[in-house]
Amino acid sequence: MKILIFLGLFWGPIFALDLNFKNLSADFVQGVHSQQGKIEYKGHFVLQNNRALWSYEEPAKKEIYINDDEIVIVEHDLEQVLISRIDSIPNLSEIFKKAKRLGAAKFEAKYQNINYTIELENDAIKKISYKDELENFVSITLFKLQKDGPIDPKIFTPKYPQNYDIVR
């Protein structure tokens, strides 16, 4: 399963969808629908330039740290930390640059052969949905969206107990 990770938020003027900000944070609900069923994730994320922290609270506690081209996934249930390089992650700024207006608050973009639907509410991102390469339908709904709030850069430093197994 591929999780949409917001990476590379270098905002300049965007023709179709004007969403300029230095950082972004929100609570989220991520639904993944497959032929085998549905799973729902809940948590909070913070994005700033080429760094991100996705903190999952449900159904299991997990953190995903992204710094430049490195990803660190802390799986608390497994007491495991996965550290890897990132080859290809959806780049939200590129997705927005390609977005075409479908309606007053709805946009669509095609990026790396995947169609993304972006829905706004009060001129802010409310929902992003797409079908991934495994034919899963993924939707991410945002709540309590904050733009350009104070961000402590230390939150992007991976934190995990020393007794966790590290997998590279």
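Asp68 is located in the loop that separates strand 4 from strand 5 (70-75); strands (E, at least two residues) and helices (H or I, at least four) are DSSP runs, numbered from the N terminus. Although Asp68 is not a glycine, its phi is positive, at about 55°. With a relative accessible area of 46%, Asp68 is partly exposed; buried denotes under 20% relative accessible area, exposed over 50%, and partly exposed the range in between (1.4 Å probe, protein chains only).

The model is predicted: local features need pLDDT of at least 70, side-chain atom pairs count only at pLDDT 80 or more, and totals for chains, interfaces and linings use all residues. Residues are numbered from 1 along each chain as its sequence is written, and side-chain values use heavy atoms, with hydrogens and water left out.

**Confidence**

The mean pLDDT of the chain (the predictor's confidence in each residue, from 0 to 100) is 84, and 84% of the residues score at least 70. Among the elements of the chain, strand 12 (residues 165-167) has the highest mean value, 95, and helix 1 (residues 92-97) the lowest, 68. Over residues 1-16 pLDDT stays under 50, and for this segment the model has 64 contacts beyond four places in sequence, a contact being heavy atoms within 4.5 Å. Where pLDDT is low, the predicted coordinates should not be read in detail.

**Backbone geometry in the loops**

Most residues other than glycine have a negative phi, and most peptide bonds are trans. A second aspartate, Asp148, also has a positive phi, of about 60°, although it is not a glycine. Asp148 lies in the loop between strand 11 (137-147) and strand 12 and is partly exposed at 41% relative accessibility. The peptide bond from Glu58 to Pro59 is cis, with omega near 0°. Pro59 belongs to the loop between strand 3 (51-58) and strand 4 (62-67).

Two hairpins contain further positive phi values. Asn122 takes a phi near 55° in the hairpin of strand 9 and strand 10, which has 2 residues between the strands. In the hairpin of strand 10 and strand 11, which has 5 residues between the strands, Glu135 takes a phi near 70°.

**The sheet**

An open sheet of 12 strands has the order 7-8-9-10-11-1-2-3-4-5-6-12, with mixed pairing. Strand 7 (100-103) and strand 12 stand at the edges with a single partner strand each, so one side of each is left without a neighbour in the sheet. On average, neighbouring strands of this sheet are turned by 20° against each other, direction ignored; axes are lines fitted to C-alpha atoms, for helices over the stretch in contact, and angles run from 0 to 180 degrees between N-to-C directions.

The table lists some of the antiparallel pairings; two strands pair if DSSP finds at least two bridges between them.

| Strands | Bridges | Opposed residues |
|---|---|---|
| Strand 7 and strand 8 (residues 106-111) | 3 bridges | Lys100 and Glu108 |
| Strand 9 (residues 114-121) and strand 10 (residues 124-131) | 6 bridges | Tyr116 and Tyr130 |
| Strand 10 and strand 11 | 5 bridges | Lys127 and Thr141 |

**Aromatic residues**

The structure holds 7 aromatic pairs. Rings of Phe, Tyr and Trp (its six-membered ring) pair if their centres lie within 6.5 Å; planes under 30 degrees apart count as stacked, over 60 as edge-to-face and the rest as tilted. Phe28 and Phe45 form a tilted pair, 6.3 Å centre to centre with 45° between the planes. This pair links distant parts of the chain, with Phe28 in strand 1 (residues 23-34) and Phe45 in strand 2 (residues 37-48), 17 residues apart. Phe28 is buried at 2% relative accessibility, and Phe45 is buried at 0%.

Tyr41 and Tyr56 form an edge-to-face pair, with 5.7 Å between the centres and 80° between the planes. Tyr41 lies in strand 2 and Tyr56 in strand 3, so the pair ties together parts that are 15 residues apart in sequence. Tyr41 is buried, with a relative accessible area of 10%, and Tyr56 is buried, with one of 2%.

Phe28, Tyr41, Phe45, Trp54 and Tyr56 form one aromatic cluster. In addition, the charged end of Lys62 sits over the ring of Tyr56, 5.5 Å from its centre; the criterion is NZ of Lys or CZ of Arg within 6 Å of the ring centre and within 35 degrees of the ring normal.
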